[in-house]
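Student: Please take one part of this model and look at it closely, starting from a single serine and working outward. I would like the side-chain contacts, the ligand surroundings and the packing in one connected account.

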Amino acid sequence: MRNFSKVLVTGGCGFIGSNFIRYILDATDWHIINLDALTYAGNPENLSDIADNPRYQFIKGRIEDPEVVYPLMKNVDLVVNFAAESHVDRSIHSAIPFIRTNVEGTQVLLDGARLGKKVKLFVHVSTDEVYGSLKKDDPPFNEENPLKPNSPYSASKASSDMLVRACFKTHDFPCIITRCSNNYGPYQFPEKLIPLMILNALEEKPLPIYGDGLNIRDWIYVLDHCAGILAVIEKGKIGSIYNLGGECEKTNLEVVKTILNILGKDESLIQFVKDRPGHDRRYAMDISLAKKELGWAPKMSFKKGIEYTIDWYIKNKSWWQRIRSGEYLKFYEKHYNMLGLKKED
Ligand code: NAD
Ligand code: TYD
């Protein structure tokens with residue numbers, strides 16, 4: 001099993017990155033440097049409980065800035081790259097930030113890691129969305145599937161995966177790529193389906209479902225994803241790709257009805273709206289390689305995970321109220337316009 005002493009986590013103030021930092025501070029004795037640009041999605045509050053931990057250091061900066069990245073790489077032996085623009089709807093609205101961060105940023109990190117000569121492993125956190133969309137009866141994606149991204153977000157992630165692959169093939173630099181399905185859990189920014197629907201339901205606002213609501217996603221609890229990444233770090237084969245997923249396919253309508261049911265809210269809050277352009281119909285992951293080579297499997301049931309997540313949002317009202325009253329609201333209005341809805345809808 002591999003071991004490390006100092007890890008650079010990028011994007012650690014976002015949803016998965018913050019859960020991951022908390023997870024590895026507990027599971028290992030590693031020191032962590034968190035490099036995050038604090039975009040709209042990056043919130044230092046997500047880590048306020050561990051901010052004073054002597055094994056944790058925060059640095060504000062962009063991954064595509066070599067002046068920030070290169071010196072850091074001389075001081076760490078592991079890189080885990082979470083930093084990304086991560087929302088499909090935003091990428092449809094404006095793709096350039098996705099290219100800057102997800103594509104250019106990943107290359108700067110790779111160059112810095114390789115040239116700094118201290119990094120022993122580079123783990124790149126990617127997504128099932130790079131594979132494109134499945135039909136109802138298609139088998140789940142495995143690591144050999146071709147990349148057929150359909151949104152600017154997934155195209156930028158697929159590009160970054162290719163750059164990581166090229167760095168391994170060309171320079172023999174030790175990289176591993178993980179591709180995970182849709183995460184949910186505490187600290188997820190309320191623009192993504194599950195937190196958006198929980199909060200709208202709590203505030204009795206309409207729950208906008210794109211198209212017919214029958215698109216399928218494979219849901220994984222965020223800490224199961226974190227455990228999968230740690231297993232990859234410790235045991236993954238260099239140069240490999242590992243699919244991670246929850247083996248939990250659900251239509252969006254099923255997810256939203258489950259949330260309404262737990263909260264005791266009426267299904268009349270559901271509002272079908274114009275479909276997302278290029279909306280992928282179904283994602284599903286074959287995770288047999290990760291099970292076999294890493295001994296990892298997701299543990300949390302959807303029922304327990306969603307109950308726990310709803311409870312977290314109920315108990316952390318000030319966290320999301322601050323987000324929903326500021327910058328996010330401005331985007332939400334634009335987003336509504338984009339979908340052809342009026343603000344009062
Ligand atoms: P997020 O949007 O919640 O967080 C992204 C973080 O990256 C934020 O803290 C942001 O400030 C930071 N960031 C953005 N641009 C940056 C830049 N140029 N330099 C430094 N920091 C920057 O995203 P998330 O949902 O936590 O996703 C994390 C990673 O996991 C992403 O790479 C995403 O593609 C991947 N992923 C996400 C999911 C999911 O369901 N959320 C599923 C599979 C893979
Ligand atoms: P999202 O959370 O944006 O993740 P991704 O697009 O990366 O899978 O969306 C999950 C699913 O929920 C997707 O099929 C789009 C749908 N969706 C809605 O129906 N309404 C919404 O308001 C949002 C944000 C998503």
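Tutor: S151 has a relative accessibility of 10%, so the residue counts as buried, the limit being under 20%. The model is a predicted one. S151 belongs to the loop between β5 (121–127) and α5. Leaving out residues up to four places away in sequence, S151 touches V88 and S91. D89 is 62 residues from S151 along the chain, yet the two C-alpha atoms are 8.8 Å apart in space. A local polar contact is also present: the side chain of S151 reaches the backbone nitrogen of S154 at 2.9 Å.

Next, the first ligand. Ligand 1 is surrounded by 29 residues, and the closest are I16, D36, S86, Y153 and K157. Y153 places a polar side-chain atom 2.6 Å from an oxygen atom of ligand 1. I16 contributes through its backbone, where a polar atom is 2.8 Å from an oxygen atom of the ligand. E64 uses its side chain instead, with an N or O atom 2.8 Å from a nitrogen atom of ligand 1.

Ligand 2 has 18 residues around it, the closest being E129, P208, R217, R276 and H279. The side chain of R276 has an N or O atom 2.5 Å from an oxygen atom of ligand 2. Two backbone contacts can be listed beside it. P208 has a polar backbone atom 2.8 Å from a nitrogen atom of ligand 2, and a backbone N or O atom of Y210 is 2.9 Å from an oxygen atom of this ligand.

Back to the helix that follows the loop of S151. D161 lies in helix α5, and at 0% relative accessibility D161 counts as buried. Beyond its sequence neighbours up to four places away, D161 touches H124, S126, V130, I177 and R179. With R179, D161 forms a salt bridge, the closest N and O atoms being 2.8 Å apart. D161 is in helix α5 (residues 152–171) and R179 in strand β6 (residues 175–180), so the pair ties together parts that are 18 residues apart in sequence. Neither partner is on the surface by the accessibility rule: both D161 and R179 are buried.

Side chains of opposite charge can pair when their charged atoms come close. The model has 18 salt bridges in total. Among them is the pair R322 and E45, whose side chains meet at 2.6 Å, N to O. R322 sits in helix α11 (residues 317–325) and E45 in the loop between β2 (31–36) and β3 (56–60), so this bridge ties together parts that are 277 residues apart in sequence. R322 is partly exposed at 46% relative accessible area, and E45 is also partly exposed, at 31% relative accessibility. Another of the bridges joins E247 and K291 at 3.0 Å, N to O. Here E247 is in the loop between β10 (241–244) and β11 (249–251), while K291 is in helix α9 (residues 288–294), so parts 44 residues apart in sequence are tied together. K291 counts as partly exposed, with 35% relative accessibility. R90, E191 and K192 form one network through salt bridges that share partners.

That leaves the nonpolar packing. In soluble globular proteins, nonpolar side chains tend to be buried together. The largest nonpolar core here has 76 residues, and within it V80 and I233 touch the most other members. Helix α7 (residues 222–235) gives the most to this core, contributing eight residues. The core draws at least three residues from each of domain 1 (6–185 + 219–244) and domain 2 (193–216 + 248–277 + 301–333). Setting aside neighbours within four places in sequence, I233 is in contact with R2, F4, F20, W30, L78, V80, L121 and V123. Apart from this core lies another, of 22 residues, among them V76, V79, V164 and I177. I177 links back to the earlier helix, as I177 is one of the residues that D161 touches.

Notes: Residues are numbered from 1 along each chain as its sequence is written. Chains are lettered from A and ligands numbered from 1 in the order in which they are written. This is a predicted model: local features need pLDDT of at least 70, side-chain atom pairs count only at pLDDT 80 or more; totals for chains, interfaces and linings use all residues. Side-chain values use heavy atoms; hydrogens and water are left out. A salt bridge is a side-chain nitrogen of Lys or Arg within 4 Å of a carboxyl oxygen of Asp or Glu. Helices (H or I, at least four residues) and strands (E, at least two) are DSSP runs, numbered from the N terminus. Buried means under 20% relative accessible area, exposed over 50%, partly exposed in between (1.4 Å probe, protein chains only). A nonpolar core is a set of buried Ala, Val, Leu, Ile, Met, Phe, Trp, Tyr and Cys residues joined through side-chain atoms within 4.5 Å. Domain bounds come from an automatic or database domain assignment. Contact means heavy atoms within 4.5 Å. A residue is near a molecule or strand if one of its heavy atoms lies within 4 Å of it. A polar contact is a pair of N or O atoms within 3.5 Å; within protein, one must be able to donate a hydrogen and the other to accept it, and residues adjacent in sequence count only if both atoms are side-chain atoms.
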